[in-house]
Amino acid sequence: KYLVAQAGLENFIRSIVAALELKLPNTVRFNMNGQGVMQTWEDVYMAEKVYTQCLGISKRIYQTHAYTHEPERKLAYFILEEHNERSSWILPGFDFYVLVFCYYNDNKEVTAVDVQYDQMSFFLHCMGLAQVHAWFVEHMITRIAITWAKAFHMTGLVNPFTFTLQLILFPALLMYCWGVMSTTA
């Protein structure tokens, strides 16, 4: 009922807090995909404003698609969609999905937020390269991977040891063939 589309991160967070009757103290452990941890809401909102401008995002709308609230664990987690409109016609807008874990204490104060997302996909979208990457993976990499999987399966030696061995030997062989590694000292 309360979790509708909201423009801007701060508005979105405040709408979630209101819906779950939680409070926002000044301090929080806000973990951005394990790549950066901020300690105050002020820093969280400021960082979002700065990187939004740096990435040419003119409007960002957050919408919750699903959430689970586990009061006994003092945890709520959300699947949210982030719709990004761009300030430049060169860079395409994009939608992005994020998983957000929100932890709170006995006083119903939010103490920690963990945000999880596919970082490579996000930056490909920001650079306007997501469509090129998707085409390349679908038409090139997938065909190579299927051919390799069929050949590997036919050997009858499919197990973690032989797979790990391939991960070590094939790049070494390719580097040797391309002259990156030399056998002469």
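In the predicted model, Pro92 is placed in the loop that joins strand 5 and strand 6. With a relative accessible area of 29%, Pro92 is classed as partly exposed, because that value falls between the 20% limit for buried residues and the 50% limit for exposed ones. Apart from neighbours within four places in sequence, Pro92 is in contact with Arg86, Gly128 and Gln131. The C-alpha atom of Pro92 is separated by 9.2 Å from that of Leu129, a residue 37 positions away along the chain.

Gly128, one of the contacts of Pro92, comes just after helix 3 and adopts a positive phi of about 75 degrees. At the N-terminal end of helix 3, Asp118 acts as a cap, with a side-chain oxygen 3.2 Å from the backbone nitrogen of Ser121. The buried residues of helix 3 are Phe122, Leu124, His125 and Cys126, and the elements covering them include helix 2, strand 4, strand 5, strand 6 and helix 4 (130–155).

Helix 3 (119–126) is also among the elements that give two or more residues to the largest nonpolar core, together with helix 1 (9–20), helix 2 (41–54), strand 2 (27–32), strand 4 (57–70), strand 5 (75–86), strand 6 (94–104) and strand 7 (110–116). This core comprises 31 residues, of which Phe30, Trp41, Val110 and Val113 touch the most other members. When residues up to four places away in sequence are not counted, Val110 touches Trp41 as well as Val17, Leu22, Lys23, Leu24, Pro25, Thr27, Val28, Cys102, Tyr103 and Tyr104.

How values were computed. Residues numbered from 1 in each chain as written. Predicted model: local features only at pLDDT ≥ 70, side-chain atom pairs only at ≥ 80, totals over all residues. Heavy atoms only, no water. Core = buried A, V, L, I, M, F, W, Y, C linked by side-chain atoms within 4.5 Å. Buried < 20%, exposed > 50% of the residue type's maximum accessible area, 1.4 Å probe, protein only. Helix = DSSP H or I, 4+ residues; strand = E, 2+ residues; numbered from the N terminus. Contact = heavy atoms within 4.5 Å. Polar contact = N/O pair within 3.5 Å; in protein donor to acceptor, adjacent residues only side chain to side chain.
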